[in-house]
Amino acid sequence: MSEPMLDLQGVHTRIGAYHILHGVDLQVAKGEMTVLLGRNGAGKTTTLRTIMGLWPTAEGTITFQGESIASRPTPEISRRGIAYVPENMGIFSDLTVCENMLLAACDTKRAEDLDAKRLEWIFGLFPALRKFWQYPAGLLSGGQKQMLAVARGIVEPRKLLLVDEPSKGLAPAIIQNMITAFRELKQTETTILLVEQNFNFARQLGDQVAVMDGGRIVHSGTMASLVADEALQQHLLGLSLTAHQ
Ligand SMILES: Nc1ncnc2c1ncn2[C@@H]1O[C@H](COP(=O)(O)OP(=O)(O)OP(=O)(O)O)[C@@H](O)[C@H]1O
Ligand SMILES: [Mg+2]
């Protein structure tokens, strides 16, 4: 891999008395989608939160575009061009879809100032957002809320998008829409680190894959080589994805 855009080396995270991450080594290459797989409680969300500065890095280094971001304040990390779509989506139910999008924008405060071309592109990815634009986000279905959460992450161009389990709780047809949207997103310059437990979702999108267990990365390589290696899949699926077999 050439110089990674994001590089975690030996990252440890403690939450209060709990030692959660035990030396995470993870690289994300520019322009690629890296999928982070692992069973419940493996440490995937904690890894994303540590990258965003929402948990302090107890040990180790986190480098983004050659500069250290470990334990920096979250707004600074976000201003450097990293967007985070959290597991619980972080949507404001009482605000309209439009207002939710505006709150996620750093450079724009008024709907009429949103980049019209970009907005059309987002509506193309997620048509429901156009339909509900002026309605409270609380009216959206679970799948539509996931789409709004991802749309908030791309309301302005970002260098790196961290997305936590966008397929969670979605019906298969909606997952297929989400895959199509991510495929289109991949055509742009955005680099993506996607947390997933659904291997069928992950294998259709990922360029690289890392598997976590017990607060460590236990495998990393290309998605193509994992898909081609049934023995390795068996080993890793057994380790991390039993619930989805
Ligand atoms: N705020 C917290 N306080 C204490 N322990 C926590 C906290 N958040 C997470 N943990 C623990 O850290 C471990 C890793 O949790 P994390 O949420 O990172 O897992 P995950 O891989 O995202 O799991 P899931 O697939 O269920 O979302 C778990 O054992 C969890 O119980
Ligand atoms: Mg999680």
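Reader: Let's start at the end of H1. Which residue just after it takes a positive phi?

Author: That's Gly53, with a phi of about 80 degrees. Bear in mind that this is a predicted model.

Reader: Which residues other than glycine have a positive phi?

Author: Ser71 is one of them, with a phi near 60 degrees. It sits in the loop between E5 and helix H2 (74-79). Gln65 also has a positive phi, of about 50 degrees, and it isn't a glycine either. You'll find Gln65 in the loop between E4 and E5.

Reader: What makes Gln65 and Ser71 count as partly exposed?

Author: The neighbour count. A residue needs 20 or more C-beta neighbours within 10 Å to be buried, and 12 or fewer to be exposed. Gln65 has 16 inside that radius, so it falls in between and is partly exposed. Ser71 has 13, so it ends up in the partly exposed class too.

Reader: Back to H1 (44-51). How do you know whether this helix is mostly covered or mostly open?

Author: Go through it residue by residue with the cut-off of 20 neighbours. Seven of the eight residues in H1 pass as buried, which makes the helix mostly covered. They are Lys44, Thr46, Thr47, Leu48, Arg49, Thr50 and Ile51. Across the protein chain, 39% of the 245 residues count as buried.

Reader: What does H1 pack against on the side of E1, E2 and E4?

Author: Let me set up the sheet before the packing. There's an open sheet of four strands, ordered E2-E1-E4-E5, with antiparallel pairing. E2 and strand E5 (67-68) are its edge strands, since each pairs on one side only. H1 packs on this sheet, touching E1, E2 and strand E4 (59-64), and its direction makes about 75 degrees with that of E2.

Reader: Why are E1 and E2 called paired strands?

Author: Two strands pair if there are at least two bridges between them. Strand E1 (residues 6-15) and E2 are joined by eight, so they pair, and they run antiparallel. Thr13 stands opposite Leu21 of E2, and Ile15 has Tyr18 as its bridge partner. The hairpin they form has two residues between the strands, and there Gly16 takes a positive phi near 55 degrees.

Reader: What makes E6 and E10 the edge strands of the other sheet?

Author: That sheet is open, with six strands in the order E6-E7-E8-E3-E9-E10 and mixed pairing. Strand E6 (82-85) and strand E10 (216-222) each have a single partner strand, so one side of each has no neighbour in the sheet. From one strand to the next, the twist averages 15 degrees. H1 packs on this sheet as well, where it touches strand E3 (33-37), E6, E7, E8 and strand E9 (208-213); its direction makes about 150 degrees with that of E7.

Reader: How do you know which strand E7 pairs with in the parallel sense?

Author: Count the bridges against the minimum of two. Strand E7 (residues 160-164) has five with strand E8 (residues 191-196), so that's a parallel pair. One of the matches is Leu160 with Thr191 in E8.

Reader: Which residues is Arg216 in contact with, beyond its neighbours in sequence?

Author: His22, Gly23 and Val24, once you leave aside neighbours within four places. Contact here means C-beta atoms within 7 Å. Arg216 is found in strand E10, and with 16 C-beta neighbours inside 10 Å it counts as partly exposed. Its C-alpha is also 7.9 Å from that of Ala42, though the two are 174 residues apart in sequence.

Reader: Which residues come nearest to ligand 1?

Author: Asn40, Gly41, Lys44, Thr45 and Thr46, out of 13 around it. H1 gives the most to this shell, with three residues. Strand E2 (18-28) and H1 each supply at least two. By class, the shell has four nonpolar, seven polar and two charged residues.

Reader: What makes the radius of gyration agree with a compact globule?

Author: For 245 residues, the globule rule gives a radius near 18 Å, and the protein chain has 18 Å, so the two agree. The C-alpha atoms fill a box of roughly 50 × 40 × 35 Å along the principal axes. Within it are 10 helices and 10 strands.

Note on methods. Residues numbered from 1 in each chain as written. Chains lettered and ligands numbered in written order. Predicted model: local features only at pLDDT ≥ 70, side-chain atom pairs only at ≥ 80, totals over all residues. Near = placed C-beta within 6 Å. Nonpolar A, V, L, I, M, F, W, Y, C, P; charged D, E, K, R; others polar. Contact = placed C-beta atoms within 7 Å. Axes fitted to C-alpha atoms, helices over the stretch in contact; angles between N-to-C directions. Rg over C-alpha atoms; globule rule 2.2 N^0.38 Å.
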